[in-house]
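Here's a quick briefing on the model shown below. Take a look at it first, then read on.

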Amino acid sequence: MKCPQCGFENEEGSNFCKYCGVPLSKQDYSEDNPYVKRRRVEDQLNNKANEEDEMKEKIEKEERIRAEARAKAEKEVKDKEQKEKKKKGGFFSTVWKMFETALITAWILRFLGIIDF
Ligand SMILES: [Zn+2]
C-alpha cells in the first residue's frame, strides 16, 4: 500500500505510514480505487444526464415564455386594432350625426322660410 503523502510502500492493511505517519485509510478514496473510479464515472454520467435534463427544462421554459410573450404581443396588436376600429367607427358616427343635425336644421330653417334650397 503506497503512502499518499510520501510514496513509501507500506505493508498491505497498514493503518499508518511507517515512514511519515500519515493515516493510510485515506488510500480507500484515492484515484487508484476502482470503486471510486466507477463511482466517479457514474457521477459524471448522472451529472451529464442531470445537466441535459436541466438544459431541456430550461429550453422548454424559454419556449413557454416566448410563446406567452408572442401571445401577449398578438393580443396587444388585436386590442390596438379593435381600439382603432372603434375609434374610426366613432369618428364616422360623429360625422354622420353632425351631418344629420345640419340636415334637420336646414329642413327646419327651410320650413320656417328662413332659407331656401
Ligand atoms: Zn508516508
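The domain assignment splits the protein chain of this predicted model into domain 1, covering 1-29, and domain 2, covering 31-111. Between the C-alpha centres of domain 1 and domain 2 there's a gap of 66 Å. As for secondary structure, the protein chain has one helix and zero strands. With a radius of gyration of 44 Å, well over the 13 Å that the globule rule gives for 117 residues, the protein chain is more spread out than a compact globule.

**Overall dimensions**
- Along the principal axes, the C-alpha atoms of the protein chain take up a box of roughly 135 × 25 × 15 Å.

**Burial and contacts**
- Of the 117 residues in the protein chain, buried ones account for 3%.
- Take the contacts in the protein chain between residues at least 6 apart in sequence: 5% of them link residues at least 24 apart.

**A look at Lys97**
- Lys97 sits in helix α1, which runs over residues 34-111.
- Is Lys97 buried or exposed? Lys97 has 10 C-beta neighbours inside 10 Å, so it counts as exposed; the cut-off for that label is 12 or fewer.
- How far apart in space are Lys97 and Arg39, C-alpha to C-alpha? They're 85 Å apart, with their positions 58 residues apart in sequence terms, counted as a separation of 58.

Key:
Residues numbered from 1 in each chain as written. Predicted model: local features only at pLDDT ≥ 70, side-chain atom pairs only at ≥ 80, totals over all residues. Domains from an automatic or database assignment. Helix = DSSP H or I, 4+ residues; strand = E, 2+ residues; numbered from the N terminus. Rg over C-alpha atoms; globule rule 2.2 N^0.38 Å. Buried ≥ 20, exposed ≤ 12 C-beta atoms within 10 Å, placed from the backbone. Contact = placed C-beta atoms within 7 Å.
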